[in-house]
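Colleague: I am new to this model. Can you show it to me and then defend the words you use for it?

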Amino acid sequence: MVEVIKKIFFALIVATLISCSSSTADDASPTSMAMDHNDSHDHDHDHDHGNNLDVSQLTDPPTVSISGAAIETGEVNLNFAVKNLELVPISPPSEHESGQGHLHLYVDGVSVAMLHETSYVVTDLTKGLHNFRVAISTNDHREYHVDGKAISDSISIEIEEGEETPEVDKGITVEVKNGTVVDGLQRLTVDVGEQVSITLLSDEDDMFHLHVYDLEVSLTAGQPETLQFQADIPGVFEGELHEAGYQILALEVS
Amino acid sequence: MVLIFNSLFAHGVGGRSDLPISEWIAAWSGAMALLLSFAALGLLWHQPRFPKLLNGHLISKFAKTGQVITATARLVVLVLFFVVLAACFIGPDNTVANIAPTTVFIIFWVGVAISSAIFGPFWKTVSPWETLGKLLDKSRTVVTRPAPSWLTSGWAALIPITIFHWLELAYHDGSSPRVLGWSILIYTVFLLALAWRWGWAEARKAEGFGVLFQLIAAISPIFKGEDNRLKVRLPFVGISALNMSGPSIAIVLAALGGTAFDGVSRTGWWLDLAVGKSGGGLTVVNTLGLAWVALIIGVAYHQASRIGSRLTSNQNFAQIFGGSLIPILIGYDVAHYFSLLILEGQAFKILLSDPYGQGWNIFGTADHAINWTVVSTTVIGWVQIGSIVCGHLLGVLFAHDRSVELWPKRTALRSQYPMLMVMVLYTVMGLVLMTG
């Protein structure tokens, strides 16, 4: 009898491990680790590329375009024209529904908003040229792609009246190549209150996330993006790539 | 403006580590701990003191009120258990937006451990597995079958503790709500199956978390007397009444090893070693690292006990001094997870208002934000140093008291050399890990 119970006991442990690995079989591939909000099992019919949803097979894939102008000191009014897509609020969260979605807005590569409205005012912009990019996303936060490229549009607007960009106190460039960080994990040590600039360059499309500060930068292969912010929370923070799934930067603020 | 971030966490939950402690402060603290330890060998009392302090005073005479409070607490924890378990499966599949990872890794693992050290054996009263196990017992006739030795010996409790550490620290996707959900579900079914077969009184011995928290509760000033009434005594003296069996020691050592590996995995050296690794590759590297650190911790204690057994001609050396490990474990826990509990732990209050990610705001806290500067990094740093050094000193004091209780002066002195060696090793290791 004891032998039987022992077997059942070990079978349970094995079952734990198997169920753990099978329930996350999709997550185990490094591509699905980003803003993939719902269980990928629900999307068997789509061409699921982790973070993205390729809709090249549609005859009328959705499109988006952006226009805008500076309105007041440090402010820009943006307008979006969306075709073949119904814009749905992101809250409460909903499952992916073909033909529905919302907009992801990036300012200078940094994710700033998720919208279901067709206009938006960006405030607190500094003097100089800024890039505004809009992409369309599924209800579960995967970006729609056509022919391997995100369906998106961007515009550059010069801000003439606005605060000067604060001077950078400390900066670092992090380059990711062939599946690892060039010269190993990068470290940047700064003081609380300093202006920090992080330039990111990857040989693959990815999403950079700086924890706790919760800054996200969408990266296009081979195109450097710079993130500038004031380091006001002390501690050591991980900067990681969502798609690649590993840490590339340790930011120490003391 | 709404932002939703999904995150991978290298250490259960997190993404933030404490600032490294200056090497000078760490070295001075280590030296001080060492000096005080050796002083304790010769200069301290030569008659045991702790056993005399064990009795304590009665706290409350209002047994009725106590029963109402415990029944309520038990119900609240049970409801929370099912809410979180359900959130694992139907809440957002996202470590930060789902309430489960924060609840399991911060509120349960760190929060209950540290509260047990302060408030005593409360977990045994409110644990959802206790509640479910007892309900199962009540629902049928008394079981009289003798339980098998792997269960009665207590070794089964090591399994959940080991798997938990592996999920938290080694498995690359261990903080995924779905993974946690399956783990909790299987563990619960497994415990109830044991309870069905042999009764909860036996099945309880496989509930590793309950066993560990009960051991930690021994250092609390609050305890339950023989008549099951709450009493109070000096903190920490309770370990002299504690019976540390082989499995109990293994469980405490496993928890110590896990916490130590968590420290190792945040050092610059480890980050350089693991850079660029993700998925299965990361799991393999972490598993090896976890096993390696746990082995160092375990072998050190085992060897010290062997030497001690020879020096004192007492075969139970490991069990006699096992209690020393508990203050050291709590010292490690506080040093590594104090900031996690009070910073990232705030997410619990926020997520509790909307446990299924439906846009609810039950307690009006859903739109709160984590205050990352509620304690300064200076305070965190001193708490870290203080807890490691205090844990060490309390371990040494306990070992001293035990040895003078059991042996004449000369043997007592000799018995402490190996214990002191292993405690110094743990303390130096803990301090080195905090320098980054």
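**Sheets, helices and loops, term by term**

Modeller: Start with chain B: β2, β4 and β3 form an open three-stranded sheet in the order β2-β4-β3, with antiparallel pairing. The model is predicted: local features need pLDDT of at least 70, side-chain atom pairs count only at pLDDT 80 or more, and totals for chains, interfaces and linings use all residues. Residues are numbered from 1 along each chain as its sequence is written, while chains are lettered from A and ligands numbered from 1 in the order in which they are written.

Colleague: What makes β2 and β3 of chain B edge strands?

Modeller: β2 (57-58) and β3 (222-224) of chain B each have a single partner strand, so one side of each has no neighbour in the sheet. Strands here are DSSP runs of E, at least two residues long; helices are runs of H or I, at least four long; both are numbered from the N terminus.

Colleague: How do you know that β2(B) pairs with β4 of chain B?

Modeller: Pairing needs at least two bridges found by DSSP. β2(B) and β4 (residues 230-232) of chain B have two, and they run antiparallel. In one of the matches, L58(B) has K231(B) as its bridge partner in β4(B).

Colleague: Stay in chain B. Why is L194(B) called buried?

Modeller: A residue is buried if 20 or more other C-beta atoms lie within 10 Å of its own, exposed if 12 or fewer, and partly exposed in between, with C-beta atoms placed from the backbone. L194(B) has 23, so it is buried. It sits in helix α8 (residues 177-198) of chain B.

Colleague: Which residues does L194(B) contact, leaving aside its neighbours within four places in sequence?

Modeller: L151(B), A203(B) and A206(B). Contact means C-beta atoms, placed from the backbone, within 7 Å. As for R204(B), it is 10 residues from L194(B) along the chain, and their C-alpha atoms are 8.7 Å apart.

Colleague: How do you know that the end-to-end distance of α15 of chain B agrees with its length?

Modeller: The expected span is 1.5 Å times one less than the number of residues. For the 18 residues of α15 (325-342) of chain B that should be 26 Å, and the end C-alpha atoms are 25 Å apart, so the two agree.

Colleague: Where does α15(B) bend?

Modeller: At H336(B), by about 50 degrees. That is the angle between axes fitted to the seven residues ending there and the seven starting there.

Colleague: What makes α15(B) mostly covered?

Modeller: Of its 18 residues, 17 are buried.

Colleague: Now chain A. How many helices and strands does it have?

Modeller: Two helices and 21 strands. Chain A has 254 residues, and 36% of them count as buried.

Colleague: How is chain A divided?

Modeller: Into domain 1 (2-32), domain 2 (40-159) and domain 3 (170-253). The bounds come from an automatic or database domain assignment. The centres of domain 2 and domain 3 of chain A, taken over C-alpha atoms, are 23 Å apart. Their contact takes six residues from domain 2 of chain A and eight from domain 3 of chain A.

Colleague: What makes the sheet of β14, β13, β16 and β19 in chain A mixed or not mixed?

Modeller: The order is β14-β13-β16-β19 (chain A), and the pairing is mixed. β13 (residues 170-177) and β16 (residues 195-202) of chain A run parallel, with seven bridges. β16(A) and β19(A) pair in the antiparallel sense, over six bridges. At the edges stand β14 (180-181) and β19 (225-230) of chain A, each pairing on one side only.

Colleague: Which residues stand opposite each other around β16(A)?

Modeller: Among them, E175(A) is matched with L201(A), and V176(A) with S202(A). Towards β19(A), V196(A) is matched with F229(A).

Colleague: Which residues make up the covered face of β16(A)?

Modeller: V196(A), I198(A), L200(A) and S202(A). The uncovered face has Q195(A), S197(A), T199(A) and L201(A).

Colleague: Why is D108(A) called partly exposed?

Modeller: D108(A) has 19 C-beta neighbours inside 10 Å, so it falls short of the buried cut-off. It lies in the loop between β6 (100-107) and β7 (110-115) of chain A. Its phi is near 50 degrees, positive in a residue other than glycine.

Colleague: And V212(A): buried or exposed?

Modeller: Buried: V212(A) has 20 other C-beta atoms within 10 Å, so it meets the cut-off. V212(A) belongs to the loop between β17 (206-210) and β18 (215-219) of chain A. Its phi is positive too, about 65 degrees, although V212(A) is not a glycine.

Technical notes: Two residues are in contact if their C-beta atoms, placed from the backbone, lie within 7 Å.
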